[in-house]
Amino acid sequence: MSTVTETHDRTTDERPTAPAGAGSATGLLRRWWPAAVLLLLLVAPFSAVPLPGLLDGPLGSPGSLQLLATCLLFGALATGYDLLLGRTGLLSFGHALYFATGSYATNVFLLEAGLPFAVSALLGLCSGIVLALVLGSVSLRVTGIGFSMVTLAFAQAGSILVSRNPGGLTGGEEGRAAPADLLPSWLVGIDHTANLYWVALGYLVLTLAVVHWVVRSPTGRVWEGIKENERRVEVLGLKPYGFKLTAFVLAGALAALGGLVHLLLTGGSTPQTTTSDFTLSLLVMVVLGGSGTRWGPMVGGILYTWADHRLGDLAGSGAVADLPAVLRVPLSQPLFLLGVLFVAVVHLLPGGLARLPARLAAARRGPARTPAPHVARKENGQP
């Protein structure tokens with residue numbers, strides 16, 4: 001046995017061990033906590049537990065479920081967007097275009113073609129996938145900031161097209177509502193808010209499953225290589241363009257599916273979902289939660305969406321209105337409060353909220369102690 005191995009074994013034997021069962025309990029917790037959280041989310045509509053400060057009403061009330069469903073929707077949307085930013089290293093400013101396509105295309109097929117909702121939803125999803133394939137094949141001809149600018153240009157063109165309301169298809173600045181009689185009856189009305197919540201939860205679970213599966217696949221490993229060094233991937237005989245286009249189309253498909261869910265949650269299509277600000281919000285969500293991590297983008301999307309709604313209520317409350325002008329003016333702007341929150345998290349938690357558990361564990365362990373050189377030589381049998 002080598003000296004290095006003996007030293008490692010001696011160090012391992014002298015290291016303090018955890019109490020019996022502690023490691024297995026921690027392992028079980030790490031393995032099963034997602035299932036426990038999913039179970040809690042599934043039964044949330046049946047709960048009347050009040051969460052003051054977090055929600056306006058009981059957990060299972062329609063208003064609370066609507067907010068939670070929106071948070072889950074954007075948690076999933078941020079997770080899909082991270083396929084580009086965190087997994088492949090592609091900074092796209094046009095992701096909102098595919099989200100809006102899923103919503104508007106489905107709405108147009110419903111209202112103009114009179115097709116059933118299931119057929120319209122399928123065609124809307126296919127429209128988002130085809131658009132992502134066409135525009136992605138053009139955008140990915142350039143790299144770096146050029147790619148970002150091309151995606152931004154396409155997104156701006158789409159936003160202008162929606163605002164011009166060609167042929168009365170988009171509703172212009174007012175958007176276009178989907179009549180209740182054209183949507184499934186079990187997804188319409190305040191009495192069916194729980195069903196909408198479960199649809200949003202299903203979209204989140206599906207997105208997490210797809211992203212987790214594809215990231216662990218051979219294609220996902222190539223994405224990681226492209227992010228680290230695209231030239232090295234080329235030297236290995238692989239063509240990065242095809243792999244990047246796959247990531248682009250898959251992210252666009254997940255965004256288009258999110259547009260369908262948003263159409264159901266809001267009962268219509270809104271032009272705000274076509275703007276570059278919408279994509280920038282996704283970027284903030286991903287960075288806030290932790291780009292390139294399994295759970296970070298989801299956590300960032302949920303937290304950002306919740307804060308956006310709750311801080312908006314706070315900004316318009318009487319408590320803020322009674323403050324002196326020096327405090328009332330900034331606090332009455334939700335974007336200011338969100339900006340302060342974002343800057344604080346980025347400054348205090350580099351890598352996002354997903355890195356927080358590791359940082360806390362490292363702080364509990366304390367700084368690692370390195371033995372002095374002469375001690376290390378003596379342990380290795382050297383003079």
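The paragraphs below lead through a predicted model of one chain, from its overall make-up to its core, its aromatic pairs, its cavity and its largest pocket.

The chain contains 17 helices and 2 strands, and of its 383 residues 38% count as buried. Among the contacts with a sequence separation of 6 or more, 71% are made by residues 24 or more positions apart. The sections that follow take up particular places where such parts of the chain meet.

The largest nonpolar core has 70 residues, and within this core Phe74, Leu77, Leu83, Tyr98, Phe248, Phe278 and Leu282 are the members that touch the most others. At least two core residues come from each of the helices α3 (62–85), α4 (96–111), α5 (117–139), α7 (193–215), α10 (240–266), α11 (276–289), α12 (296–315) and α15 (334–348), and the largest share, 14 residues, is supplied by α3. Two of the core residues named above, Leu282 and Leu83, can be followed through their contacts. Once its neighbours within four places in sequence are left aside, leucine 282 is in contact with Phe74, Leu77, Ala78, Tyr81 and His95.

Leucine 83 is found in helix α3, and because its relative accessibility is 0%, under the 20% limit, leucine 83 counts as buried. Leaving aside residues within four places in sequence, leucine 83 is in contact with Thr88, Val211, Val214, Val215, Trp223, Ala247, Leu250, Ala251 and Leu254. A further relation across the sequence is given by the C-alpha atoms of leucine 83 and glycine 292, which are separated by 8.0 Å although the two residues stand 209 residues apart along the chain.

Aromatic rings offer another way to read the packing, and a search of the whole structure finds 7 aromatic pairs. One of them is formed by phenylalanine 147 and phenylalanine 248, whose rings are edge-to-face, with 6.1 Å from centre to centre and 80° between the planes. This pair links distant parts of the chain, since phenylalanine 147 belongs to helix α6 (residues 145–164) and phenylalanine 248 to helix α10, 101 residues apart. Phenylalanine 147 has 2% relative accessibility and therefore counts as buried, and phenylalanine 248, also at 2% relative accessibility, counts as buried too. Elsewhere, ring pairs link Phe74, Phe99 and Phe278 into a cluster; of these residues, Phe74 and Phe278 have already appeared among the core members that touch the most others.

The search for enclosed space finds 1 cavity of 30 Å³ or more, and about 40 Å³ of space lies in the largest cavity. Its lining consists of Thr79, Asp82, Leu83, Arg87, Val211, Thr293, Arg294 and Pro297, to which α3 gives the most, with 3 residues. By residue class this lining divides into 3 nonpolar, 2 polar and 3 charged residues. Leu83 thus lines the cavity as well as being one of the prominent members of the core.

Threonine 79, another of the cavity-lining residues, is likewise found in helix α3, and it counts as buried because its relative accessibility is 5%. Not counting residues up to four places away in sequence, threonine 79 touches Thr207, Leu208, Val211, Pro297 and Met298. Of these partners, Val211 and Pro297 also line the largest cavity, while Met298 is one of the residues nearest the centre of the largest pocket.

That pocket has a volume of about 1500 Å³ and is lined by 38 residues, among which Trp33, Val37, Trp295, Met298 and Val299 lie nearest its centre. The elements that give two or more residues to this lining are α2 (22–43), α3, α7, α12 and α16 (356–365), and the largest share, 11 residues, comes from α2. The pocket lining divides into 32 nonpolar, 3 polar and 3 charged residues.

A second threonine offers another setting to examine. Threonine 219 lies in helix α8 (residues 218–228) and is partly exposed, because its relative accessible area is 24%. Not counting residues up to four places away in sequence, threonine 219 touches Val214 and Phe243. The C-alpha atoms of threonine 219 and alanine 247 are separated by 9.1 Å, with their positions 28 residues apart along the chain. Val214 and Ala247 are both among the contacts of leucine 83.

Technical notes
Residues numbered from 1 in each chain as written. Predicted model: local features only at pLDDT ≥ 70, side-chain atom pairs only at ≥ 80, totals over all residues. Heavy atoms only, no water. Core = buried A, V, L, I, M, F, W, Y, C linked by side-chain atoms within 4.5 Å. Buried < 20%, exposed > 50% of the residue type's maximum accessible area, 1.4 Å probe, protein only. Helix = DSSP H or I, 4+ residues; strand = E, 2+ residues; numbered from the N terminus. Contact = heavy atoms within 4.5 Å. Phe/Tyr/Trp six-rings, centres within 6.5 Å; stacked < 30°, edge-to-face > 60°. 1 Å grid on protein atoms, 1.4 Å probe; cavity = no way out; pocket = protein on both sides within 12 Å on 5 of 7 lines; lining within 4 Å. Points joined across faces, edges and corners; volume = space filled by probe spheres on them. Nonpolar A, V, L, I, M, F, W, Y, C, P; charged D, E, K, R; others polar.
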